[in-house]
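The following paragraphs lead through one protein model, beginning with a side-chain interaction and moving outward to the overall fold. Please keep the sequence and the coordinates at hand while reading.

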Amino acid sequence: MYAIVEIAGQQFKVVKDQKVFVNRLQTEEGKQVAFDNVLLVADGDNVTVGAPAIDGAQVGAKVLKHLKGDKVIVFKKKRRKGYRVKNGHRQALTEIVIESIAASGAKKAAPAKEAKKAEPKVEAPKAEASQDLSKLTVAELKEMAKAKGIEGISSMKKADLIAALS
């Protein structure tokens with residue numbers, strides 16, 4: 001079982017008991033941390049994808065230690081100008097170990113979202129059509145005219161369709 005989770009602005013593919021180095025977290029060493037922004041959970045052939053995140057899914061981790069990453073040298077130079085700048089940088093990191101991946105409630109929450117989104121989309125064009133036909137596309141106007149039984153709609157322009165439907 002693995003999950004793709006967003007931690008400190010970055011996405012990681014994590015497995016149980018895996019050690020991960022992430023950007024510095026504001027948590028003390030030895031404390032438990034829970035990440036709710038789970039984007040994907042896979043358990044064998046069963047894959048659950050969130051849109052964008054899975055409701056009810058959670059990844060639990062424990063902070064092992066805070067440390068600094070390897071030094072990165074930043075060297076800038078402009079030729080023939082005598083300009084040279086050398087800087088170093090060490091990224092502040094936190095080492096965590098993944099302790100649990102819970103996908104509870106993920107399957108129940110996903111269909112409910114789709115059902116709520118589908119209903120307003122169906123009702124919205126009907127409400128707009130009765131108020132202002134000029135906001136509709138030509139294809140939608142032709143469908144309405146076809147439903148009313150108006151003939152010769154294939155050669156009509158948008159203005160003619162609006163006049164025929166009014």
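In this predicted model, the charged end of Lys13 is placed over the ring of Tyr2, at 4.5 Å from the ring centre. A second arrangement of this kind involves Lys78 and Tyr83: Lys78 lies over the face of the Tyr83 ring, 5.4 Å from its centre. Both count because the criterion requires NZ of Lys or CZ of Arg to be within 6 Å of the ring centre and within 35 degrees of the ring normal. Aromatic pairs, by contrast, number zero, where the rule asks for ring centres that lie within 6.5 Å.

The second lysine–tyrosine contact leads to the hairpin of the model. Strand 7 covers residues 58-78 and strand 8 covers residues 83-102. Four residues separate these two strands in the hairpin, and Arg80, located in the turn, has a positive phi of about 65°. The two strands run antiparallel and are joined by 18 bridges. Individual partners can be traced along this ladder: Gly60 is bridged to Ser100 of strand 8, and Ala61 is bridged to Ile98 of strand 8.

Which residue stands opposite Gly60 on the side of strand 4? That residue is Ala34. Gly60 of strand 7 therefore has a bridge partner in strand 8 as well as one in strand 4. Strand 4 and strand 7 are themselves antiparallel, with four bridges between them.

These pairings belong to an open sheet of four strands, arranged in the order 3-8-7-4 with antiparallel pairing. Its edges are formed by strand 3 (19-23) and strand 4 (32-35), each of which pairs on one side only. From one strand to the next, the twist averages 50°. As a general point for inspecting such a sheet, side chains in a regular strand alternate between its two faces.

At the level of the whole chain, the protein contains eight strands and three helices. Along the sequence, the order is β-β-β-β-β-β-β-β-α-α-α, with the strands preceding the helices. Among contacts with a separation of 6 or more, 59% connect residues 24 or more positions apart. Of the 166 residues, 25% count as buried.

The last stretch to consider is one annotated in a record. An unreviewed UniProt entry assigns residues 132-166 the feature "domain: Rho termination factor-like N-terminal". In the model, this span is 54% helix and 0% strand, and its end C-alpha atoms lie 10 Å apart.

Methods:
Residues are numbered from 1 along each chain as its sequence is written. This is a predicted model: local features need pLDDT of at least 70, side-chain atom pairs count only at pLDDT 80 or more; totals for chains, interfaces and linings use all residues. Side-chain values use heavy atoms; hydrogens and water are left out. Axes are lines fitted to C-alpha atoms, for helices over the stretch in contact, and angles run from 0 to 180 degrees between N-to-C directions. Rings of Phe, Tyr and Trp (its six-membered ring) pair if their centres lie within 6.5 Å; planes under 30 degrees apart count as stacked, over 60 as edge-to-face and the rest as tilted. UniProt positions are given in the numbering used here, feature names are shortened, and annotations may be inferred rather than shown by experiment. Buried means under 20% relative accessible area, exposed over 50%, partly exposed in between (1.4 Å probe, protein chains only). Contact means heavy atoms within 4.5 Å.
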